[in-house]
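The following paragraphs offer a guided reading of one protein model. Please keep the sequence and the three-dimensional view at hand while reading.

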Amino acid sequence: MLIVMSRQATPEQTEAVVTAIENRGYVARPIPGGERVTIGILHNKGPVDASPFLGMPGVSDAIPVTKPYKLVSRECKPEDTIVQVGDIAIGNGNLVIMAGPCAIESELQALTIARHVKASGAHIFRGGAFKPRTSPYSFQGLGKEGLEILAKVRETTGMPVVTEVMDEDTFDLVESYTDIIQIGTRNMQNFSLLKRAGRASKPVLLKRGMAATIEEWLMAAEYILEGGNSQVILCERGVRTFADHSRNTLDLSSIPVVRKQSHLPIIVDPSHAAGRRDQVIPLSRAAVAAEAHGLMVEVHHEPEKAMSDGAQSLYPDQFTLLCKQVNAIFDIFHSKSL
Ligand code: PEP
Ligand code: MN
């Protein structure tokens, strides 16, 4: 249930409704909107009787929420959420490009790639310091040293950074270094990690689980919002199918569905969807045409020597071409004549 306050409602009237909701044993979560405040009623076991709230000063309406997720739904917040990272706004009618290597391997590697991607138009630098690898014998990432290198990249290039957090033990450490906390596909339903992310002071990039429905993905995001962190960016990165011509199958249809159901921004990672370099540019073009709010792309200056995901990493020149093409597509859709 959502209680919608009128445009003229005062903060005191909103506070009185919050108290009335909580006095009935529910949790009230005010959601400030562009024009008015709505108050989500959470943790109700059954249907909520709206009549006591409808009679209160400043209340204009009560709307039942039809979806299992509440705080992430458009019903709850009709306006798009804009996630602000430094001077970069994600979800604000612009196209945000995140790029960098799969893993941070050395300071020289990270800075070389960062300079290339920045010159081509990337806004945010990506790179894993803690790597979730299928095999325990594969490179696991540089850990804290990788985070220090990311901080150096930010200092040198001015680009904010995004990196993955794998567990609660290293959460504080990762949070203290990064600008955006990434939760990977393998952890999308790690509920204790999601709860910790709900208490984080930084935005969270939540990748879609490799076999998750959109509803499960949005419910995972709901954990983070329910915990008090409304700064969530969703990332479609392909799902497992019978296809063997790519690592995963990029579910482009998730973009319009998520944009309709939720106010959260959605970006696309074509690299982990494709698993191979030759598909990354076409999938990026398609994602932007389908109105993703951004992209996350793996780039390496020496992909044949990369310690992880070399086969899907673009060469710097290919990334330059990708940026030109996706920006041209974005401009077509946003030109005044369309
Ligand atoms: C990554 O972005 O480095 C990564 C491991 O991605 P995913 O969780 O989508 O596999
Ligand atoms: Mn990777």
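A residue is called buried when its relative accessible area is under 20%. By that criterion, strand β3 is mostly covered, since five of its six residues are buried. The model discussed here is a predicted one, and β3 is a convenient place to begin.

Strand β3 comprises residues 37–42 and runs antiparallel to β2, to which six bridges join it. The link between β2 and β3 is a hairpin of four residues. Along this pairing, Pro 32 has Val 37 of β3 as its bridge partner, and Pro 30 stands opposite Ile 39 in β3. Strand β3 also pairs with strand β1 (residues 2–5), again in the antiparallel sense, over three bridges. On that side, Ile 3 is the residue opposite Ile 39 in β3.

These pairings belong to an open sheet of four strands, which has the order β2-β3-β1-β4 and antiparallel pairing. Its edge strands are β2 (27–32) and β4 (59–63), each of which pairs on one side only. Direction ignored, neighbouring strands of the sheet are turned by 20° against each other on average. In general, the strands of a sheet pair through backbone hydrogen bonds, either parallel or antiparallel.

The metal site comes next. Which residues supply the protein donors of the manganese ion (ligand 2)? They are Cys 102 through SG, His 272 through NE2, Glu 298 through OE and Asp 309 through OD, at 2.0 to 2.4 Å from the ion. Along the chain, these donors of the manganese ion follow the spacing C-x169-H-x25-E-x10-D. Distant parts of the chain are linked by the pair Cys 102 and Glu 298, which are 196 residues apart. Cys 102 lies in the loop between β7 (96–100) and α3 (107–120), whereas Glu 298 lies in strand β14 (residues 294–298). Both Cys 102 and Glu 298 are buried.

Why does Glu 298 count as buried? Glu 298 is classed as buried because its relative accessibility is 0%. The C-alpha atom of Glu 298 is separated by 9.3 Å from that of Arg 277, 21 residues away along the chain.

Strand β7, which precedes the loop of Cys 102, contains Met 98. Met 98 is likewise buried, because its relative accessible area is 0%. Between Met 98 and Ala 129 there are 16 Å, C-alpha to C-alpha, with a separation of 31 residues in sequence.

Attention now turns to the other ligand. Ligand 1 is surrounded by Arg 126, Lys 131, Glu 164, Gln 182, Gly 184, Thr 185, Arg 186, Lys 207, Arg 237, His 272 and Glu 298. Among these residues, His 272 and Glu 298 are also donors of the manganese ion.

Which distances separate polar side-chain atoms from oxygen atoms of ligand 1? For Arg 126, a polar side-chain atom lies 2.7 Å from an oxygen atom of ligand 1. The corresponding distance for Lys 207 is 2.9 Å, and for Arg 237 it is 2.6 Å. Of the 290 Å² of accessible area that ligand 1 has on its own, the protein covers 97%.

Notes:
Residues numbered from 1 in each chain as written. Chains lettered and ligands numbered in written order. Predicted model: local features only at pLDDT ≥ 70, side-chain atom pairs only at ≥ 80, totals over all residues. Heavy atoms only, no water. Donors = N, O, S within 2.8 Å, 3.2 Å for Na, K, Ca; no water. Helix = DSSP H or I, 4+ residues; strand = E, 2+ residues; numbered from the N terminus. Buried < 20%, exposed > 50% of the residue type's maximum accessible area, 1.4 Å probe, protein only. Pairing = 2+ DSSP bridges. Axes fitted to C-alpha atoms, helices over the stretch in contact; angles between N-to-C directions. Near = heavy atom within 4 Å. Polar contact = N/O pair within 3.5 Å; in protein donor to acceptor, adjacent residues only side chain to side chain. Areas by Shrake-Rupley, 256 points an atom, 1.4 Å probe, with all protein chains shown as cover.
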